[in-house]
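The following exercises are to be worked with the sequence and the model in view. Each task is followed by a solution in steps.

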Amino acid sequence: METKTDELFAYIERNIARTLVDCTTCGKCFDICPMTGYSDKLAGKNGGDVVAGILGILRGTAGTPEAVEWTRLCTQSARCIPACPENVNPMLMLRLSRITALGSTGGEALLPDGKRDPHFFRRINAFSALQLSDAEIAEWHR
Ligand code: SF4
């Protein structure tokens with residue numbers, strides 16, 4: 001029998017797969033992000049390169065230090081959502097990157113507050129990092 005945790009991870013996997021197909025790494029979401037100016041690691045970086053690192057994290061690699069930094073910095077301003085010409089939700093992309101970087105999908109933790117007890121925190125990390133909107137919850141339950 002499929003549990004809520006199974007459904008959650010299916011949702012995560014489905015959206016990661018969709019993002020990996022649709023994102024062209026144009027970098028427009030990074031360029032409009034109001035948070036990048038608050039990090040010396042991100043100043044002057046090419047948005048396409050940083051997003052390519054995000055896609056790397058989503059593929060289960062270590063990504064890049066800049067991608068991990070942008071993942072850490074995201075405050076969900078949502079400025080990136082209308083900026084995407086490919087109908088990707090970059091804010092969700094960053095949340096998926098955060099979930100992955102926390103080690104919540106089973107890979108190596110890339111963020112400092114990553115997994116401590118993977119058996120206990122895996123589901124909690126995933127749920128808390130997702131912070132689903134009502135529309136996304138409706139999609140998850142479809
Ligand atoms: S704006 Fe959209 S297509 Fe461009 S890098 Fe960001 S998520 Fe990918």
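## Exercise 1. A salt-bridge network

The side chains of Glu 69 and Arg 72 form a salt bridge, with N and O 3.1 Å apart. The model is a predicted one.

**Task.** Determine which residues the salt bridges that share partners join into one network.

**Solution.**

Step 1. Place the pair. Glu 69 and Arg 72 are three residues apart in helix H4, so about one helical turn separates them. In an α-helix, residues three or four places apart point the same way, because a turn takes 3.6 residues.

Step 2. Establish the exposure of each partner. Arg 72 is partly exposed, at 44% relative accessibility. Glu 69, by contrast, is buried, with a relative accessible area of 8%; the cut-off for buried is under 20%.

Step 3. Look for a further partner. Glu 69 also forms a salt bridge with Lys 41, where the closest N and O atoms are 4.0 Å apart. This pair links distant parts of the chain, since Glu 69 belongs to helix H4 and Lys 41 to the loop between H2 and H3, 28 residues apart.

Step 4. Combine the pairs. Through shared partners, Lys 41, Glu 69 and Arg 72 form one network.

## Exercise 2. The remaining salt bridge

**Task.** A search of the whole structure finds three salt bridges. Identify the partner of Lys 45 and state which parts of the chain the pair ties together.

**Solution.**

Step 1. The partner of Lys 45 is Glu 66, and their closest N and O atoms are 3.8 Å apart.

Step 2. Lys 45 lies in the loop between H2 and H3 and Glu 66 in helix H4, so the salt bridge ties together parts 21 residues apart in sequence.

Step 3. Lys 45 is partly exposed at 36% relative accessibility, and Glu 66 is partly exposed as well, with a relative accessible area of 23%.

## Exercise 3. The nonpolar core

**Task.** Find which members of the largest nonpolar core touch the most other members, and which helix gives the most to this core.

**Solution.**

Step 1. The core has 33 residues, of which Ile 12, Val 51, Trp 70, Met 93 and Leu 96 touch the most other members.

Step 2. Helices H1 (4–22), H2 (28–32), H3 (47–58), H4 (65–73) and H5 (90–101) each supply at least two core residues. H5 gives the most, with seven.

Step 3. Examine Trp 70. When residues up to four places away in sequence are not counted, Trp 70 touches Cys 29, Phe 30, Cys 33, Thr 36, Leu 42, Val 50, Val 51, Ile 54 and Leu 94.

Step 4. Set this against a general tendency. In soluble globular proteins, nonpolar side chains tend to be buried together.

## Exercise 4. Helices H3 and H5

**Task.** Assess the length of H3 and of H5, and decide whether H5 is mostly covered or exposed.

**Solution.**

Step 1. At 1.5 Å a residue, the 12 residues of H3 should span 16 Å, and its end C-alpha atoms are 17 Å apart, which agrees. For the 12 residues of H5 the expected span is 16 Å, and the end C-alpha atoms are 16 Å apart, which also agrees.

Step 2. In H3, 10 of the 12 residues are buried, so the helix is largely enclosed by the rest of the structure. Among the buried residues of H3 are Gly 47, Gly 48, Gly 53 and Gly 56.

Step 3. H5 is mostly covered, with 11 of its 12 residues buried. These include Arg 95 and Thr 100.

Step 4. Consider Ser 97, which is placed in helix H5. Ser 97 counts as buried at 0% relative accessibility. Neighbours within four places in sequence aside, Ser 97 is in contact with Ile 54, Ile 57, Leu 58 and Thr 71.

## Exercise 5. The ligand shell and the whole chain

**Task.** Describe the residues around the ligand, then characterise the protein by its helices and strands.

**Solution.**

Step 1. Of the 14 residues around the ligand, Cys 23, Cys 26, Gly 27, Cys 29 and Cys 84 come nearest.

Step 2. The shell divides into nine nonpolar, three polar and two charged residues. H2 and H5 each supply at least two of its residues.

Step 3. The protein has seven helices and zero strands. Buried residues make up 44% of its 142 residues.

Step 4. Among contacts with a separation of 6 or more, 62% are between residues 24 or more positions apart.

Key. Residues are numbered from 1 along each chain as its sequence is written. This is a predicted model: local features need pLDDT of at least 70, side-chain atom pairs count only at pLDDT 80 or more; totals for chains, interfaces and linings use all residues. Side-chain values use heavy atoms; hydrogens and water are left out. A nonpolar core is a set of buried Ala, Val, Leu, Ile, Met, Phe, Trp, Tyr and Cys residues joined through side-chain atoms within 4.5 Å. Buried means under 20% relative accessible area, exposed over 50%, partly exposed in between (1.4 Å probe, protein chains only). Helices (H or I, at least four residues) and strands (E, at least two) are DSSP runs, numbered from the N terminus. Contact means heavy atoms within 4.5 Å. A residue is near a molecule or strand if one of its heavy atoms lies within 4 Å of it. Ala, Val, Leu, Ile, Met, Phe, Trp, Tyr, Cys and Pro count as nonpolar, Asp, Glu, Lys and Arg as charged, and the others, Gly among them, as polar. The expected span of a helix is 1.5 Å times one less than its number of residues.
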